[in-house]
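Me: I model proteins for a living and want a close look at the helical part of this one. Start with a single element, then work outwards to its surroundings and the aromatic residues. Keep it brisk.

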Amino acid sequence: MTVTTDPTPPALPPSDAVGDPAPDGAPDSSLASFGYPQELRRRMGRYASFAAGFSFISVLTTVFQFFSLGYSFGGPLFFWTWPAVLAGQLLVAACFAELAARMPIAGAIYQWASRLGTPAFGWYAGWIMVIGRIVVVAAAALALQVVLPAVWPGFQIVGGDPSPTTTTGAANAAVLGLALLALTTLLNVLDNRALSAVNTLGVTAEIAGVALIVTLLATHAERDPGITLHTGGEGGLITALLVGSFTAAYVLIGFESASEMSEETVNPRRTAPRTTLGALTTSGVCGGLLLLGGLLAAPSLTDGRLAAEGLGYVLTSTLGDDLGRVLLADVAVAICAATLAIQTSATRMLYSMARDGVLPRSARLARVPRRTGMPGTAAVVVGVGAALLLLLNLASPQAFLAIGTTCIAMVYLAYAMVTAPMLVRRLRGEWPPPADGARDELGRPLFSLGRWGLPVNALALGYGLLMTVNLAWPRAEVYDPEGGHWYFRWFTVLVLCATVATGAAYRWYRRRGAEVDADAVRA
């Protein structure tokens with residue numbers, strides 16, 4: 001008797017499996033071709049799909065959260081790491097867009113890695129991404145501390161210094177984050193119409209906020225763009241650029257959330273590839289303008305406040321307290337929308353893996369009540385996991401940076417676990433599928449990289465591996481500047497190793513249990 005621990009999805013998608021959009025609650029022929037029933041409700045249009053990716057990236061959230069880090073190490077020169085990282089991520093997004101057109105399935109990273117590689121390889125990619133995204137949820141929720149106390153001192157519930165790098169600021173960040181997670185978890189348990197409505201509202205407010213902030217900063221510019229050619233940060237030039245790139249690396253992820261929501265999107269083969277690329281491109285332009293505007297309008301580049309307080313300092317000191325607080329309130333809305341979108345994406349990944357029966361308590365995690373059409377148990381697990389991580393912030397303010405870096409490194413590694421087997425398939429002539437003449441739901445050719453596929457794929461993989469190493473590198477000056485906390489310096493590496501080891505232990509336990517059951521049957 002043969003014992004397996006993973007389902008065996010087809011190595012390549014059925015190229016002719018294209019279905020019409022299904023009525024709400026009706027089976028979807030496209031999804032059925034991959035062996036799954038339509039359980040989630042297919043209601044999301046193109047803008048809602050775009051909002052899923054744009055909300056996850058959330059330039060207002062992450063630029064405000066990590067501007068000070070990039071500036072403190074790279075000075076004004078760190079601006080140029082933004083277009084460099086954007087170019088690398090566009091390579092990855094182009095590969096993902098090609099996959100989204102052919103495999104519009106929830107749990108995209110897990111599903112793609114499993115079908116391009118092996119079920120076991122895909123399981124590890126999905127496992128790393130699930131853990132990484134739970135950490136991302138926690139990191140996003142912590143961002144409220146960067147803006148809310150500046151909007152109104154009453155949000156500093158713990159009392160004391162509101163800076164996230166202080167003990168009181170870190171503790172308050174955990175309190176605010178827990179309250180936000182309670183709200184986002186509730187929305188992820190309810191009907192997806194409420195979730196989409198909140199997401200869409202948040203994205204609209206964020207785009208309007210970015211446009212207003214960029215315009216106002218441009219009218220208050222104190223210097224010309226030539227300032228971006230100056231370093232002024234800590235350490236040498238190479239270190240400045242490598243660490244300065246963390247800001248862009250933290251921001252420009254999550255674009256594949258549009259693909260993650262494919263089972264809830266109308267015309268996913270046509271919509272998901274375009275909204276994946278559109279969310280990243282729009283975010284890249286908006287974020288670059290925010291960085292440049294902040295550098296040009298900052299009252300001073302040398303008084304230390306830009307490195308400590310980031311863009312929040314620029315808004316309140318340049319535009320005045322009242323207008324600055326209004327804009328920071330808009331940033332807070334963006335943070336809430338981002339946390340919601342990230343938790344939703346993590347929930348879909350967990351649901352997709354559980355649906356294949358490859359996680360503990362899979363049946364419960366994969367349960368989708370007919371009344372809500374939402375995987376509520378998976379949402380609660382993600383919310384509780386993120387809440388537990390927030391408690392690390394009570395232990396030390398340095399946990400803030402350690403948590404942020406860890407989640408991003410894990411996401412980049414999971415991305416590479418898709419682009420790597422995809423590249424192997426290309427080199428073998430197996431991707432795109434030889435009979436790839438399929439059409440999307442509107443009867444048009446599927447998104448394809450064509451003859452650019454091989455170089456784009458190869459560069460995407462190289463970039464992803466390089467950035468993973470850059471983020472995980474245990475730099476004492478970044479992760480343990482005060483000394484005495486070696487575990488924060490090695491936090492990313494330790495979490496990555498623990499994630500893989502835990503996954504391996506679970507797979508061994510599951511395989512061992514299956515073998516015992518098989519022996520009992522034979523006896």
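Reply:

**Helix span and burial**

Helix 17 covers residues 376-390. Its 15 residues reach 21 Å from first C-alpha to last, close to the 21 Å expected at 1.5 Å a residue. Helices here are DSSP runs of H or I with at least four residues, numbered from the N terminus. The expected span is 1.5 Å times one less than the number of residues. The model is predicted, so local features need pLDDT of at least 70 and side-chain atom pairs need pLDDT 80 or more, while totals for chains, interfaces and linings use all residues. Numbering starts from 1 along each chain as its sequence is written, and side-chain values use heavy atoms, with hydrogens and water left out.

Which residues of helix 17 are buried? Glycines Gly376, Gly383 and Gly385 are on the list. So are alanines Ala378, Ala379, Ala386 and Ala387. Val382, Leu389 and Leu390 complete it. Buried means under 20% relative accessible area, exposed over 50%, and partly exposed in between (1.4 Å probe, protein chains only).

Helix 15 comes next. It runs over residues 321-355 and has 35 residues. From its first C-alpha to its last it reaches 50 Å, close to the expected 51 Å. Of those 35 residues, 27 are buried, so helix 15 is largely enclosed by the rest of the structure. Just after helix 15, glycine 357 takes a positive phi of about 70 degrees.

Arginine 361 sits further along, in the loop between helix 15 and helix 16 (362-365). Its phi is also positive, about 55 degrees, although it is not a glycine. Is arginine 361 buried or exposed? It is exposed, with a relative accessible area of 72%.

**Helix pairs**

Two packed helices are described by the angle between their axes and the distance between the axes. Axes are lines fitted to C-alpha atoms over the stretch in contact, with angles from 0 to 180 degrees between N-to-C directions.

Helix 9 (residues 192-219) packs with helix 12 (residues 268-297) at about 30 degrees, with the axes 9 Å apart. That makes helix 9 roughly parallel to helix 12. Helix 4 (residues 81-102) and helix 10 (residues 237-251) pack at about 55 degrees, and their axes are 8 Å apart. Helix 4 and helix 10 are therefore oblique to each other. The classes are under 35 degrees for roughly parallel, over 145 for roughly antiparallel, 65 to 115 for roughly perpendicular, and oblique for the rest.

The loop between helix 11 (257-260) and helix 12 holds asparagine 267. Asparagine 267 is not a glycine, yet has a positive phi of about 55 degrees. It counts as buried, at 17% relative accessibility.

Another backbone feature lies in the loop between helix 19 (399-427) and helix 20 (453-472), where proline 432 is found. The peptide bond from tryptophan 431 to proline 432 is cis, with omega near -10 degrees.

**Helix 6 and the aromatic residues**

The whole structure has 20 aromatic pairs. Tryptophan 123 and tryptophan 127 form a stacked one, 5.4 Å centre to centre with 15 degrees between the planes. Rings of Phe, Tyr and Trp (its six-membered ring) pair if their centres lie within 6.5 Å; planes under 30 degrees apart are stacked, over 60 edge-to-face, the rest tilted.

Both tryptophans lie in helix 6 (residues 119-142), four residues apart, about one turn of the helix. An α-helix has 3.6 residues a turn, so residues three or four places apart point the same way. Tryptophan 123 is buried at 1% relative accessible area, and tryptophan 127 is buried at 17%.

Tryptophan 486 and tyrosine 487 pair edge-to-face, at 5.9 Å and 80 degrees. Tryptophan 486 is exposed at 57% relative accessibility, whereas tyrosine 487 is partly exposed at 36%. Elsewhere, Phe96, Trp112, Phe255, Tyr412, Tyr415 and Tyr463 form one aromatic cluster.

Helix 6 also holds valine 130. Valine 130 is buried, with a relative accessible area of 4%. Its C-alpha and that of tyrosine 71 are 30 Å apart, with their positions 59 residues apart along the chain.

Conventions
Helices (H or I, at least four residues) and strands (E, at least two) are DSSP runs, numbered from the N terminus.
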